[in-house]
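Please open the model in your viewer and keep the sequence panel beside it. The stops below say what to select next and what is there.

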Amino acid sequence: MLSITIKSFEALTKDELYTILQLRSKVFVVEQNCVYQDIDGKDQKAMHVLGFADEVLVAYTRLFKPGDYFKEASIGRVLVAKDKRRHKYGNAIMEASINAIGAFFNETTIKISGQEYLKTFYTNLGFKQIGEPYLEDGIPHIAMIKTNALK
């Protein structure tokens with residue numbers, strides 16, 4: 001079972017921030033062998049969705065209100081620790097993130113820039129591809145939109 005905590009940047013403790021950045025680096029830089037600037041100056045505007053299993057951070061996303069990343073509300077930096085992916089924590093963290101967009105921002109449209117190989121995962125959550133695939137930091141991505149996101 002995934003325990004979800006949602007915090008603003010200011011509410012994160014130093015240890016929580018360190019753990020988030022460590023897990024993001026482990027997944028996006030080391031595991032995906034992608035050298036890019038993860039610390040992009042946008043964390044301060046984001047709401048941070050932390051997913052814990054047995055008090056260990058294993059899943060994460062960050063949320064943006066409309067205009068802070070895209071014109072629409074958005075979810076980004078979606079990840080689950082490699083050794084925990086078999087537990088469907090990706091679905092749990094995304095469902096919590098979708099609901100949080102509605103709760104915090106009162107928005108029903110969400111745009112994401114997802115890695116193309118995860119298209120089926122995002123489609124199963126109600127997102128639809130818009131436009132053609134593109135490279136972001138050398139990795140194929142697709143833009144996707146979900147409308148009527150509130151449950």
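## A buried arginine and its partners

Begin by selecting Arg62, which counts as buried because its relative accessibility is 1%, where buried means under 20% relative accessible area, exposed over 50%, and partly exposed in between, using a 1.4 Å probe and protein chains only. Before going on, note that this is a predicted model, in which local features need pLDDT of at least 70 and side-chain atom pairs count only at pLDDT 80 or more, while totals for chains, interfaces and linings use all residues. Residues are numbered from 1 along each chain as its sequence is written, and side-chain values use heavy atoms, with hydrogens and water left out.

Now add Asp43, whose side chain meets that of Arg62 in a salt bridge of 2.8 Å, N to O; the term stands for a side-chain nitrogen of Lys or Arg within 4 Å of a carboxyl oxygen of Asp or Glu. Because Asp43 lies in the loop between H1 and E2 and Arg62 in strand E3, the pair ties together parts that are 19 residues apart in sequence. Helices (H or I, at least four residues) and strands (E, at least two) are DSSP runs, numbered from the N terminus. Asp43 counts as buried, at 5% relative accessibility.

Keep Asp43 selected and add Arg24, since the side chains of these two also meet in a salt bridge, at 2.8 Å, N to O. Arg24 belongs to helix H1 and Asp43 to the loop between H1 and strand E2 (47–53), so that this pair, 19 residues apart, links distant parts of the chain.

Next select Asp38 and Arg77, whose side chains form a salt bridge of 2.7 Å, N to O. Asp38 is in the loop between H1 and E2 and Arg77 in strand E4, so the pair ties together parts that are 39 residues apart in sequence. Asp38 and Arg77 are both buried. To see the wider picture, display Arg24, Asp38, Asp40, Asp43, Arg62 and Arg77, which are linked in a network of salt bridges.

## Helix H2 and a contact with E3

Move on to H2, whose 17 residues should span 24 Å at 1.5 Å a residue, and whose end C-alpha atoms are 23 Å apart, which agrees; the expected span is 1.5 Å times one less than the number of residues. Among the buried residues of H2 are Tyr89, Ile93, Ser97, Ile101 and Phe105. Just past the helix, select Asn106, which follows H2 and has a positive phi, near 55 degrees.

Return to Ser97 and add Thr61, because a polar contact of 2.6 Å joins their side chains; such a contact is a pair of N or O atoms within 3.5 Å, and within protein one must be able to donate a hydrogen and the other to accept it, while residues adjacent in sequence count only if both atoms are side-chain atoms. Thr61 is found in strand E3, and at 0% relative accessibility Thr61 counts as buried.

## An exposed residue on H1

For a contrast, select Val30 in helix H1, which counts as exposed at 60% relative accessibility. Val30 and Asp54 are 24 residues apart in sequence and 24 Å apart in space, C-alpha to C-alpha.
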